[in-house]
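Before you open the coordinates, here is a short reading note on this structure, meant for someone who has not seen it before. Please keep the structure in view while going through the points.

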Amino acid sequence: MEVLRIENLRAYYVTSLYGVERRVRAVDNVNLEVLENEILGIAGESGCGKSTLLKTMIGLIKPPLTVLDGKILYKFNGEEIDIISKKDEITSLKWKVFSYVPQGSMSVLNPTRKIIKTFEDLLKVHLKIEDKGEIRKISEEHLKALGLPSEVLNSYPHQLSGGMRQRVTIALSTILKPKVIIADEATTALDVVVQRGVIQLLKKIQSEFKNSIVIVTHDMGVHANIADRIVIMYAGKILEIGSARDIFKNPLHPYTKYLIESLPKIGDKSLRKSVPGAPPSLLNPPKGCRFHPRCNMAMEICKKEVPALVDVKNGHKVACFLHSKEAEIHE
Ligand SMILES: Nc1ncnc2c1ncn2[C@@H]1O[C@H](COP(=O)(O)OP(=O)(O)OP(=O)(O)O)[C@@H](O)[C@H]1O
């Protein structure tokens with residue numbers, strides 16, 4: 001069962017300089033489902049559109065970001081709401097149906113207020129609770145359930161370590177038990193030991209609350225540790241989706257193969273291969289498959305047509321003419 005479905009989404013950064021319009025095609029015709037009770041990882045090089053995709057999922061669509069086309073459908077309690085056409089619904093869905101864990105915890109935690117105050121603000125608005133004792137009790141219970149010390153409520157954000165701040169942000173984002181938790185580079189900038197703690201916390205939340213987590217990171221090691229399914233993005237498009245096992249054991253797209261081959265392996269001291277060349281400008285992406293200029297398997301058709309994302313086996317989808325001749329109907 002799906003909790004979120006993204007259909008034909010095009011989200012561009014549209015700007016104008018001296019009367020000339022510029023369109024950065026950050027998310028270009030993306031189709032994706034988030035299933036109930038799964039951790040979905042979104043991977044890809046810097047600038048491929050991961051954060052833009054997340055911004056649209058949480059309705060953070062402000063100029064120059066413009067949604068030209070598509071739907072973002074949240075499905076819950078037998079209802080289905082498209083937050084692109086029903087922007088007014090976003091406030092009521094936020095925190096309860098979906099919540100967002102941003103890259104830097106300081107953008108959520110107010111540096112001049114104790115952590116408990118941020119919990120109070122959230123619970124007063126969304127649960128309509130005014131009693132401070134009750135708010136503290138709910139907050140402490142939630143922190144305890146996540147294995148975090150409740151004393152953090154009495155601290156200012158700067159008194160906590162970076163890892164603890166990130167964990168507190170995750171606790172805050174999950175206190176109303178949202179159906180979908182959307183985390184943007186939640187483990188980036190943390191050292192590996194702290195990173196492991198944050199990953200374990202996200203896994204614990206998912207196994208206890210049975211919700212869905214979408215986690216964006218360019219770090220394939222993190223995806224290997226946490227994701228049930230992985231989405232590979234490149235230059236604003238999805239190139240491959242599959243179970244973590246399929247992506248790591250049987251990658252189909254040449255780009256995914258490069259990503260996997262570039263990972264270090266225990267005992268293998270040979271130099272890792274990286275993807276040749278650089279990602280294209282999304283102002284003027286290459287015609288056809290956007291990866292073709294860097295692909296060692298590129299064929300004539302790859303320069304002309306855009307491969308469609310096709311299910312090749314049991315939900316393992318790939319957009320590559322090596323695996324299916326189906327092309328996208330429109331660019
Ligand atoms: N405000 C903006 N105005 C114009 N272009 C933008 C803006 N924000 C992002 N972009 C461009 O949109 C494209 C996608 O950016 P996005 O941040 O979504 O990528 P990303 O994969 O999340 O990268 P990173 O891992 O570095 O955060 C990039 O080409 C980026 O330069």
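The points below take up the sheet, then one of its strands, then the surroundings of the ligand.

1. Please bear in mind throughout that this is a predicted model, and that the values quoted in these points are computed from it.

2. The sheet is a sensible place to begin: it is open and consists of 8 strands, which follow one another in the order β6-β7-β8-β3-β9-β10-β12-β11 with mixed pairing. At its edges lie β6 (98-101) and β11 (310-313), each of which pairs on one side only. With direction ignored, neighbouring strands of this sheet are turned by 20° against each other on average.

3. A helix also belongs to this picture, since α5 (residues 162-174) packs on the sheet and touches both β6 and β7 (180-184). The direction of α5 makes about 170° with that of β6.

4. Within the sheet, β9 (residues 229-234) and β10 (residues 237-243) deserve a closer look, for they run antiparallel and are joined by 6 bridges. Following the pairing residue by residue, one finds V231 opposite I241 of β10, while I232 has E240 in β10 as its bridge partner. In the hairpin that these two strands make, 2 residues lie between the strands, and A235 takes a positive phi near 50°.

5. β10 is joined to another strand as well, namely β12 (residues 316-318), to which it runs antiparallel and is linked by 2 bridges. I241 takes part here too, its bridge partner in β12 being K317, so that this residue of β10 has V231 opposite it as well as K317 for a bridge partner.

6. How many of the 7 residues of β10 are buried? The count is 6, and β10 is therefore largely enclosed by the rest of the structure. A residue is called buried here if 20 or more other C-beta atoms lie within 10 Å of its own.

7. Turning to the ligand, there are 14 residues around it, and those that come nearest are Y13, S46, K50, S51 and T52. Both β2 (20-35) and α1 (50-57) supply at least two residues of this shell, and it is α1 that gives the most, with 3 residues. Sorted by class, the shell around the ligand holds 6 nonpolar, 7 polar and 1 charged residues.

Notes
Residues numbered from 1 in each chain as written. Predicted model: local features only at pLDDT ≥ 70, side-chain atom pairs only at ≥ 80, totals over all residues. Near = placed C-beta within 6 Å. Helix = DSSP H or I, 4+ residues; strand = E, 2+ residues; numbered from the N terminus. Nonpolar A, V, L, I, M, F, W, Y, C, P; charged D, E, K, R; others polar. Pairing = 2+ DSSP bridges. Axes fitted to C-alpha atoms, helices over the stretch in contact; angles between N-to-C directions. Contact = placed C-beta atoms within 7 Å. Buried ≥ 20, exposed ≤ 12 C-beta atoms within 10 Å, placed from the backbone.
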